[in-house]
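Trainee: I should like to take a close look at one part of this structure, namely its salt bridges. Which residues form them, where do they lie, and are they buried or exposed?

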Amino acid sequence: MEPNKTTEDNCTTPNLPLYSFYSSVMIVEFILAVPLNLTVLYLFIFKLKFWKSNTNNIFLFNLVLADLLLLICLPVKAYHYQTGERRSKNDVVCKAMLFMLFLNRGASIAFLTVTSIDRYFNVVHPGKKNFLKILKKSPHISILIWVMLLPLTIPTMLKTFECCNSLGREDDGLLDVLTDIFREVVFFTQILIPFGVLVFCTAQIVNRLKKKTVGDKTKLRRAVFLVSSVVFVFSFCFLPCTISRMVLLSLRVKQHSDAEEIAVQVYDGLMCLSYIDCLLDPLVYCLSSTKFKSLYVSTFLRCFWKDGQHIAESSHSGGNANTPMCGNQPKYI
């Protein structure tokens with residue numbers, strides 16, 4: 001059995017070309033996600049006035065904030081990968097990055113989950129007013145979620161997690177072991193438990209739709225689309241990296257150094273994949289509200305389409321097209 005690698009070796013990229021590719025993926029995610037999330041943020045603040053809107057909009061606004069935390073980290077993480085490091089050599093930068101990444105992941109999962117729970121009670125148990133009253137206090141719930149995430153995230157700052165995790169190392173001290181075990185428990189439970197809740201909510205709403213024989217099914221179908229999209233985002237972004245982390249920790253504890261090196265590369269790649277949630281989350285916004293979808297199209301997409309149509313028709317007719325420009329279009333709310 002080979003000896004464990006040193007901390008320094010464990011913090012360098014084992015395959016620079018592969019990590020350069022990972023870096024490129026994160027840059028593309030950043031370039032696409034920044035304008036998308038900023039436009040969504042604009043709508044929530046200036047058009048929907050989320051603080052005066054329904055419960056769902058407040059939860060979704062907090063989901064945007066969680067995605068922005070991730071976007072701050074992506075260029076820094078991409079730079080480190082390009083330079084052959086899995087993390088910053090500066091402890092302050094390293095721990096700040098890990099803190100924001102853990103906070104983003106926890107907040108994203110929490111607000112995706114409460115959005116689905118809110119829809120579940122509205123559809124499956126509309127008569128349970130006590131639960132609905134609690135959910136209607138969405139500003140209080142949102143603040144509570146952020147506050148509860150802080151003590152769960154702070155352990156990431158006690159000792160670096162991404163590459164210098166001590167779990168399975170021979171020189172572990174008791175405090176290091178307890179810190180790492182706690183961190184791993186948080187990592188897995190904040191994904192696996194909410195996923196179970198999401199699957200339950202989806203199954204119950206689908207079952208409710210099947211039993212609906214009379215009346216309007218539109219809202220029920222929209223609820224099914226919403227919770228199904230949340231389960232999809234969860235399954236695509238979070239479950240693969242969770243499974244790969246289980247494999248990585250198993251290999252590390254058993255001290256299979258060669259296999260661990262491969263598992264590290266797979267894990268880092270799947271973590272890059274998980275960052276695409278900042279692009280998929282807007283699907284949740286659109287599926288949760290037809291008003292939001294219509295507002296986004298009328299504010300941004302229709303503007304580009306009308307301008308493009310005007311230019312094309314002007315060119316075709318010699319500049320005499322009567323198509324109005326986007327700025328003259330009536331607002332669609």
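Mentor: The salt bridges are taken in turn below, each with its partners and their surroundings. The model is a predicted one, and it holds 3 salt bridges.

One of them joins Asp268 and Arg86, whose closest N and O atoms are 2.8 Å apart. This pair connects distant parts of the chain: Asp268 belongs to helix α11 (residues 257-274), while Arg86 sits in the loop between α3 (55-82) and α4 (91-124), 182 residues apart. As to their surroundings, Asp268 counts as buried because its relative accessibility is 0%, under the 20% cut-off. Arg86, with a relative accessible area of 2%, is buried as well.

Another salt bridge is formed by the side chains of Glu184 and Arg245, again with an N to O distance of 2.8 Å. Glu184 is part of helix α8 (residues 174-211) and Arg245 is part of helix α10 (residues 239-253), so this contact ties together parts of the chain that are 61 residues apart in sequence. Glu184 and Arg245 are both buried.

There remains the salt bridge in which the side chains of Glu260 and Arg252 meet, at 3.1 Å from N to O. Here too, both Glu260 and Arg252 are buried.

As a general background to such contacts, side chains of opposite charge can pair when their charged atoms come close. To return to your question, the pairs are Asp268 with Arg86, Glu184 with Arg245, and Glu260 with Arg252.

Notes. Residues are numbered from 1 along each chain as its sequence is written. This is a predicted model: local features need pLDDT of at least 70, side-chain atom pairs count only at pLDDT 80 or more; totals for chains, interfaces and linings use all residues. Side-chain values use heavy atoms; hydrogens and water are left out. A salt bridge is a side-chain nitrogen of Lys or Arg within 4 Å of a carboxyl oxygen of Asp or Glu. Helices (H or I, at least four residues) and strands (E, at least two) are DSSP runs, numbered from the N terminus. Buried means under 20% relative accessible area, exposed over 50%, partly exposed in between (1.4 Å probe, protein chains only).
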